[in-house]
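The following exercises ask the reader to work through one structure step by step. Each task is followed by a worked solution.

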Amino acid sequence: MHIADLPKPFFILAPMDDVTDTVFRQIVASTAAPELCFTEFVNVDGLQSPGRSKLLKKLRFVESEQGLVAQLWGLKPDNFQAIADQIASGELAEELGLPAGHNFAGIDLNMGCPAKSEVQNGACSALIKQENRQQAGDIIAATRAGAAGRLPVSVKTRLGFNEVDMTWFEFLLAQDLPMLTVHGRTRKEMSKVPARWELIGKVAELRRQLAPQTLLVGNGDVMNSLHGEQLAARYGLDGIMIGRGVFHDPYAFAVHSPWEGVPQAERIELYRRHVELFAATWQQGERNIKTLNKFCKVYIQGFDGAKELREQLMAAENVAELIRILTAQ
Ligand SMILES: Cc1cc2nc3c(=O)[nH]c(=O)nc-3n(C[C@H](O)[C@H](O)[C@H](O)COP(=O)(O)O)c2cc1C
């Protein structure tokens with residue numbers, strides 16, 4: 001999917017670290033696919049260090065995944081440039097085992113993660129701060145130089161650092177970005193307050209004046225595509241990004257989600273497919289089996305005995321045991 005060919009509004013599966021790996025993205029795509037997906041964020045400085053091989057799992061994808069955007073974070077512009085070049089040239093996809101011609105659809109820069117460890121170093125949402133604006137500009141320029149016109153370079157950010165900061169958007173909208181995603185909270189707000197869509201609407205107004213060519217994507221607390229369509233129409237947005245909504249409804253991107261009526265057997269079957277794909281994908285133990293527990297409640301809910309079944313599944317020590325329990329239902 002080329003960014004220029006996206007429908008209005010288009011939908012994106014949000015990047016969620018340790019959640020939206022290739023396995024979960026494939027499951028979501030099999031129920032109701034968004035137009036774009038983002039990878040988990042991956043550190044460019046780590047990718048350019050001896051620790052590279054450990055980080056590559058965050059970028060793994062398969063041939064059937066179309067419209068996948070690689071999300072990067074880090075500090076050193078040189079490393080952004082080198083990784084953007086490896087991505088845009090197809091070299092990195094080849095290293096991941098993809099056949100020639102299969103590549104990422106874009107590169108996104110994380111300028112919104114609020115985690116202390118990232119912010120202390122001046123990365124992610126710390127780039128929103130006025131004193132780091134030069135650094136943010138250098139990172140955008142370096143990534144763009146690495147991509148060299150072969151892939152679009154977009155940004156995902158928040159409304160501000162401690163306070164809502166419209167100068168941040170004036171700055172970003174002067175960067176000629178193809179796409180900008182705005183999570184409707186400041187860094188200080190973490191996830192503690194409801195997303196402020198009226199402020200995302202204000203950014204959309206600014207976009208109309210300063211950069212009508214930049215696609216604007218709203219993000220925060222969207223439950224499903226119907227909800228997203230309403231918000232896009234109300235606030236004049238091109239796209240909607242949904243993250244945690246898929247925890248409540250794996251069919252969140254369907255025009256009319258059938259999830260409420262999906263019977264117990266199909267819910268169990270969907271989780272079984274997730275577990276089997278997990279086992280087939282992460283054969284070298286790259287991901288701990290216990291990471292599956294965060295998905296258990298996505299599927300195993302909404303029927304009598306779901307809680308007891310979840311308890312049994314979460315206590316399982318290996319994939320074989322999980323499959324045995326799921327198949328016995
Ligand atoms: C577990 C988890 C991990 C996340 N990891 C990332 C990430 O790697 N990169 C990023 O830009 N945002 C990340 N986010 C933020 C989401 O992409 C999204 O902006 C946020 O959850 C709000 O959208 P939602 O209400 O639709 O979930 C993460 C959120 C969660 C809950």
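**Exercise 1.** Determine how strand 4 pairs with strand 5, and over how many bridges.

*Solution.* Step 1: strands are DSSP runs of E with at least two residues, helices are runs of H or I with at least four, and both are numbered from the N terminus. Two strands pair if DSSP finds at least two bridges between them. Step 2: strand 4 and strand 5 pair in the parallel sense, over five bridges. Step 3: within this pairing, Met 111 faces Thr 157 of strand 5 as its opposite residue. Step 4: strand 3 and strand 4 are also paired in the parallel sense, here over four bridges, and Gln 71 stands opposite Asp 108 of strand 4.

The model is a predicted one, in which local features need pLDDT of at least 70 and side-chain atom pairs count only at pLDDT 80 or more, while totals for chains, interfaces and linings use all residues. Residues are numbered from 1 along each chain as its sequence is written, and side-chain values use heavy atoms, leaving out hydrogens and water.

**Exercise 2.** Decide whether the residues of strand 4 are buried or exposed.

*Solution.* Step 1: a residue is buried under 20% relative accessible area, exposed over 50%, and partly exposed in between, with a 1.4 Å probe and protein chains only. Step 2: on one side of strand 4, Gly 106, Asp 108 and Asn 110 are buried, and on the other side Ile 107, Leu 109 and Met 111 are buried as well. Step 3: six of the six residues of strand 4 are thus buried, so the strand is largely enclosed by the rest of the structure.

**Exercise 3.** Describe the arrangement of the eight strands and the helices that pack on them.

*Solution.* Step 1: the eight strands form a closed barrel in the order 1-2-3-4-5-6-7-8, with parallel pairing. From one strand to the next, the twist averages 25°. Axes here are lines fitted to C-alpha atoms, for helices over the stretch in contact, and angles between N-to-C directions run from 0 to 180 degrees. Step 2: strand 6 (residues 179-183) and strand 7 (residues 215-219) run parallel and are joined by five bridges; His 183 stands opposite Asn 219 in strand 7. Step 3: helix 8 (residues 166-173) packs on the sheet and touches strand 4, strand 5 and strand 6, its direction making about 180° with that of strand 5. Contact means heavy atoms within 4.5 Å. Step 4: helix 10 (residues 225-235) also packs on the sheet, touching strand 1 and strand 8, and its direction makes about 140° with that of strand 8.

**Exercise 4.** Identify which residues of helix 8 are buried and what they pack against.

*Solution.* Step 1: Trp 168, Phe 169, Phe 171, Leu 172 and Leu 173 are buried in helix 8. Step 2: the buried residues of this helix pack against strand 4, helix 7, strand 5, strand 6 and helix 9. Step 3: in the loop between helix 8 and strand 6 lies Asp 176, which has a positive phi of about 55° although it is not a glycine. Most residues other than glycine have a negative phi, and most peptide bonds are trans.

**Exercise 5.** Compare the end-to-end span of helix 4 with its expected value.

*Solution.* Step 1: the expected span is 1.5 Å times one less than the number of residues. Step 2: the 12 residues of helix 4 (residues 77-88) should therefore span 16 Å, and the end C-alpha atoms are 16 Å apart, which agrees. Step 3: among the buried residues of helix 4 are Phe 80, Ile 83 and Ile 87. Step 4: Asp 78, also in helix 4, counts as exposed because its relative accessibility is 62%.

**Exercise 6.** State where Pro 9 lies and what kind of peptide bond joins Lys 8 to Pro 9.

*Solution.* Step 1: Pro 9 belongs to the segment before strand 1. Step 2: the peptide bond between Lys 8 and Pro 9 is cis, with omega of about -10°.
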